[in-house]
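Let's walk through this structure together, from single residues out to whole chains. Keep the viewer open as you read.

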Amino acid sequence: MIPWDQIVIQTLNGLVNGMVLAIVASGLTLIFGIMDIVNFAHGDLLMLGAFVGAAALGATGSFWIALLAAAIAIALLGVFLQVTALRPLIGRDPLTTILATFGISLVLQKYALWQWGPSVRRISEPVPGHFTLFHLQYPWYRVATALMAGAIIGGLWLFLKYGKYGIWIRATTQDRVMAQAMGIPVPLVHTAVFAIGSAMAAASGVLFGPFTGVTQTMGFDFTLRAFIVVVVGGMGNLGGSILAAIFVSLLEAYAAIVVSPAQAVIVAFVVLVLTMLFRPTGLFVPTPK
Amino acid sequence: MTRDQARGAVASSDGGAAAPPPLLRTEGLSVHFGGLAALNGVSISVRPGEIRGIIGPNGAGKSTFFNCLTGVLRPSSGHIFLDGEDITGLSPHTISRKAIARSYQITNILPGASVLENVRIAAQSRHHNWSMLRHHRSFVDVLDRAEAALADVGLAGKEDELAANLSHGEQRNLEIAIALATEPKLLCLDEPTAGMSVTETHATVDLVRRIARNLTVLIVEHDMEVVMGLAGTITVLHYGEVLAEGTPAEIQANPRVQEVYLKA
Amino acid sequence: MLVLDDVHANYDKAHVLHGVSIEVRAGEVVGLLGRNGVGKTTTLKAIMGLVRRTGGRVTFEGRDLAGVSPHALARLGIAWVPEERRIFRLLTVLENLRTGVERPGTMPARREELLDKAYRYFPILRERRHQAGGTLSGGEQQMLAIARAMMLEPKIILLDEPTEGLMPRMVGQIREIVHALHRDGVAILLVEQNVPLTLEAADRVYIMEKGVVRHQAPATDLRADQAVIHQYLGV
């Protein structure tokens, strides 16, 4: 007896989670694609964004202001981190940047613990209410999250495709040296991309906040999944990361029908291993001719 | 005239009657990349003990030729014979065992190892492949070979230096030592004087002349003085084909070759 | 305008330039000839700050370029067309041009003018303006690379082997383009292995060997007596 109702519910869940993950993965792959930085602190930027959002929500009562405040605050943090800790490491052994971002991750987590304490913060849903889906009450908020995530990713896409600065970013990603020769201020572009990636991570933290609550360790799950998704989608490949995020989240959601959610995570790793074995450049990357 | 040039002159005036069988022979060697012919029917014959220069403008196919000889690239058609044996399409490490060694344009040394270690690894690749349990210091003959190679290139006394700390010229010489340590029959030198000053170039030319006494050498070069001074015979490649072959004097007098170089 | 004074430069560890001294005056076309591997491309990269200068000075309009970051050179008026062209393969032709055209300080009207100029010089680029750079043929990519440099409204273009890998009939087109740029008053430092083109297009020529300049002369002198050319570039 095929559980159609569960499949539909899990499809929705998978899509929603996938969209949020896609924002995180997009930022990660943008950063890697343009400056070869593997940002282990990405999930912690998400986590800090969620905390800042919770604080802003408490202060103003507006979810939207909280979202904006978190994005801006973490973008500024990103600028600070990139300029002080990461820019000096350009050109060195990639292991140094990995260690640096790992160190940053630890610092950010402990800072959050110190600043806000160990109790879980709440971000209340901006869009209340549920609708009836089969035997479940499905929260409108989850649908709204997917739509907002879509808007953010769509906005990013348009910015990269049509904006003048989007061209700068794409040119720098393809050929850093030639971009410099064309007068593009590459160090500034690097910082800007890191800021954008950070802001996107923060936004997903606030969007995801109502789902599970805000804790210091919420970043880790995201970092892990985001890395898997970025590799599966093809490192530096923006479209690939987005598709891979949805793909992996859907698979996980479907797996949760038959096994417990904690075990369903294994699906992501299985996909990673298979990708590395058979299409190591990425599942959604066109085969080079 | 160098001794090798004299040898070349004698051999060509001999009528071929007493000429030894070629050490290296290629027959119709071709490499196609899609529609592009990087090499097109290259047939060359190199006698043992020769120093053969290979020149040609950019894109003529010189590196592609070396890549075929050393097994890095598989030719689309044609054959390569080393000492009469068909080595076409063999893997690089098999060819290394067949005694072709090559130095690279971009230095290929191990920067984190000492000078001696770099050469010793090459020296022991030829024999003692499966004895994992004997301590490396017990291979006295391997060490001897390594030290001899270092002495040949003028790096004796620098055995314990970290390879990364050598000057550029010394690193290029180390590359040649590594190639020598494998006791090759055929040594392929890929632009050995690239980026060198005039003094370093002269030193390298002397080095090559010294080691060429017991070897056959193929040398690709852009520096005409080097090639004309070292080689007994020169092969000119152009767009993947053999344009001309002869002694340095013959090549320099060849109007087609001049034309190709000045308009290329 | 552009002066290299006893410049030494390293490529990785290799000491490739051993004291290069070259000068390009405003509006001049200067040829840089030499065999493969003598350091011509490295000289251009040394000007652009893309290889490490270990000695000597590069000055542009009197200003020392030491410590000037590569992306500031475009603003000073130096444009670079590298040997491999290096167009942005995933950007369209128009987007490639826009990387040069959209500089701070240029008004939108001027930008349109510049793009029009690029299309007048290279009509094929207008036709292909929405195509990805990577889909263009070798000759078209070369034209795009030159057009892209023109968008910077440079005072000097460093042109590295523009005819390399091109079919013989395209060489004539390159010659026309160099002439047109010259008429526009743009100085050109032309690195080439194609001797006839260089002698015909240049005002003065330097000949390099093993990382140094060995000879310099007005192009007219070299056209009349090619013995020096044969010595340094022939076999």
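## A guided tour

B:Glu183 counts as partly exposed because 17 other C-beta atoms lie within 10 Å; by the cut-offs used here, a residue is buried with 20 or more other C-beta atoms within 10 Å of its own, exposed with 12 or fewer, and partly exposed in between, the C-beta atoms being placed from the backbone. Before going further, please note that this is a predicted model, in which local features need pLDDT of at least 70 and side-chain atom pairs count only at pLDDT 80 or more, while totals for chains, interfaces and linings use all residues. Residues are numbered from 1 along each chain as its sequence is written, and chains are lettered from A and ligands numbered from 1 in the order in which they are written.

Back to B:Glu183, which is found in the loop between α6 and β7 (186-190) of chain B. Helices (H or I, at least four residues) and strands (E, at least two) are DSSP runs, numbered from the N terminus. The phi of B:Glu183 is near 50°, a positive value in a residue other than glycine. Most residues other than glycine have a negative phi. Chain C offers another case: C:Arg85 has a phi near 70°, again positive in a residue other than glycine. C:Arg85 sits in the loop between β6 and α3 (93-101) of chain C, and it is buried because 24 other C-beta atoms lie within 10 Å.

Staying with chain B for a moment, we find 10 helices and 10 strands. Of its 264 residues, 42% count as buried. One residue to look up is B:Ala203 in helix α7 of chain B, which is partly exposed, since 17 other C-beta atoms lie within 10 Å. B:Ala203 lies 9.4 Å from B:Gly169, C-alpha to C-alpha, although 34 residues separate the two in sequence.

Now to chain C, which has 10 helices and 10 strands. Buried residues make up 49% of its 235 residues. Its C-alpha atoms fill a box of roughly 45 × 40 × 30 Å along the principal axes. How does its radius of gyration fit a compact globule of 235 residues? Chain C has 17 Å, which agrees with the value near 18 Å for such a globule; the radius is taken over C-alpha atoms, and the globule rule is 2.2 Å times the number of residues to the power 0.38.

Chain C also holds an open sheet of 6 strands in the order β6-β7-β8-β3-β9-β10, with mixed pairing; two strands pair if DSSP finds at least two bridges between them. The edge strands are β6 (78-81) and β10 (212-218) of chain C, each pairing on one side only. Neighbouring strands of this sheet are turned by 15° against each other on average, direction ignored. Inside the sheet, β3 (residues 29-33) and β9 (residues 204-209) of chain C run parallel and are joined by 4 bridges. The partner of C:Val30 in β9(C) is C:Arg204.

Helices pack on this sheet too. Helix α7 (residues 168-183) of chain C touches β3, β7 and β8 (187-192) of chain C, and its direction makes about 155° with that of β8(C). Helix α6 (residues 138-150) of chain C lies across β6 and β7 (156-160) of chain C, running at about 170° to β6(C). These axes are lines fitted to C-alpha atoms, for helices over the stretch in contact, with angles from 0 to 180 degrees between N-to-C directions.

How do the chains meet? Of the 2 pairs of chains in contact, chains B and C share the most contacts, a contact being two residues whose C-beta atoms, placed from the backbone, lie within 7 Å. That pair brings together 21 residues from chain B and 22 residues from chain C. α10(B) gives the most to the chain B side, with 5 residues. Elsewhere, 15 residues of chain A are in contact with 19 residues of chain C, and α6(A) supplies the largest share of the chain A side, 5 residues. No contact joins chain A and chain B, whose closest C-alpha atoms are 11 Å apart.
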